[in-house]
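The following exercises ask the reader to work through a protein model step by step. Please examine the sequence and the coordinates before turning to the solutions.

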Amino acid sequence: MTVGIFFAFAANAQTPNDLPDTMAARVQACTPCHGAEGRGTNDPYFPRLAGKPSGYLYHQLLAFKNDRRKYPPMNYLLEFLPDDYLKKIGDYFAEQRPDLPPAAVSDLSKSVLQHGEDLATQGDMERGIPACVSCHGSSLTGMEPAIPGLLGLRAAYISAQLGGWRYGTRTAIAPDCMQIVAGHLTEDDVRAVAAWLAQRPAPADASPAPQASFALPFACGSQPNEGK
């Protein structure tokens, strides 16, 4: 076989039409940061996407596309993608169910972790802080269509996002309930809650609760309060 014929054969054997045209193939660009099937990686600052409500994922993709959330690689990747395609990306990752990673082991004191548990499960109404479980569910797996689960995330990521809400670098549809809640948290609160959440074990079923499974404690722009 001559060199010219060989290269012609190789080019013909690898035409774009021969590649699988599936969402799993199309989202391969996401895997270096977010892992296969969106399961996450060892980098604490890139979150797990798998199993989160599609509406939540879609809202975040729109926020990056429209520069409401600032992270240049994401802003660049999404800038020219149509909204309906972003919805399909959200749908794909929402349907994935890889196992959650092992719970983190914290080196913080028992008193700090207890403070995190108290805030996450009971809140502090005197300071206007509702419990995390009152919005994210008793199992912390979120609720359809747009409240994310909080399991399988590293403490550093949770802390960074709460900091973003506190300082206004991360925002959502008004009324921006997370910005309101995070505004009442101190740095010590954030550290404690993030560490406690990161060491939660995986429940038997990590799926988000169905829409309207419970009522939210206040109005939230990204999730209609249609609880029972």
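The exercises below treat the fold, the nonpolar cores, the salt bridges and the backbone in turn.

The model is predicted, so local features need pLDDT of at least 70 and side-chain atom pairs count only at pLDDT 80 or more, whereas totals for chains, interfaces and linings use all residues. Residues are numbered from 1 along each chain as its sequence is written, and side-chain values use heavy atoms, with hydrogens and water left out.

**Exercise 1.** Determine the secondary structure content of the protein and the share of its residues that is buried.

*Solution.* Step one: assign helices (DSSP runs of H or I, at least four residues) and strands (runs of E, at least two), numbered from the N terminus. The count is 11 helices and 0 strands. Step two: apply the accessibility classes, in which buried means under 20% relative accessible area, exposed over 50%, and partly exposed in between, with a 1.4 Å probe and protein chains only. Of the 228 residues, 39% are buried. Step three: take contacts, meaning heavy atoms within 4.5 Å. Among those between residues at least 6 apart in sequence, 65% join residues at least 24 apart.

**Exercise 2.** Identify the residues with the most contacts inside the largest nonpolar core, and the helix that gives the most to this core.

*Solution.* Step one: a nonpolar core is a set of buried Ala, Val, Leu, Ile, Met, Phe, Trp, Tyr and Cys residues joined through side-chain atoms within 4.5 Å. The largest such core has 21 residues, and C132, L140, I158, L162 and L197 have the most contacts inside it. Step two: at least two residues each come from α7 (110-121), α9 (155-167), α10 (177-182) and α11 (187-198). The helix α11 gives the most, with 5 residues. Step three: setting aside neighbours within four places in sequence, C132 touches L119, A120, G137, L140, L150 and V193. A further core lies apart from this one; its 17 residues include L49, L62, Y85 and Y92.

**Exercise 3.** Locate the salt bridge of K65 and state which helices hold the two partners.

*Solution.* Step one: a salt bridge requires a side-chain nitrogen of Lys or Arg within 4 Å of a carboxyl oxygen of Asp or Glu. The whole structure has 6 of them. Step two: K65 pairs with D83, their closest N and O atoms being 2.7 Å apart. K65 belongs to helix α4 (residues 54-65) and D83 to helix α6 (residues 83-95), so the pair ties together parts that are 18 residues apart in sequence. D83 is partly exposed, at 34% relative accessible area. Step three: a second bridge joins R127 and D124 (3.0 Å, N to O). Bridges with shared partners link D124, R127 and D189 into one network.

**Exercise 4.** Find where cis peptide bonds occur and where L140, with its positive phi, is placed.

*Solution.* Step one: the bond between E144 and P145 is cis, with omega about 5°. P145 sits in the loop between α8 (133-136) and α9. Step two: A174 and P175 are likewise joined by a cis peptide bond, with omega about -5°. P175 is placed in the loop between α9 and α10. Step three: L140 has a positive phi of about 65° although it is not a glycine. L140 is found in the loop between α8 and α9 and is buried, with a relative accessible area of 4%.
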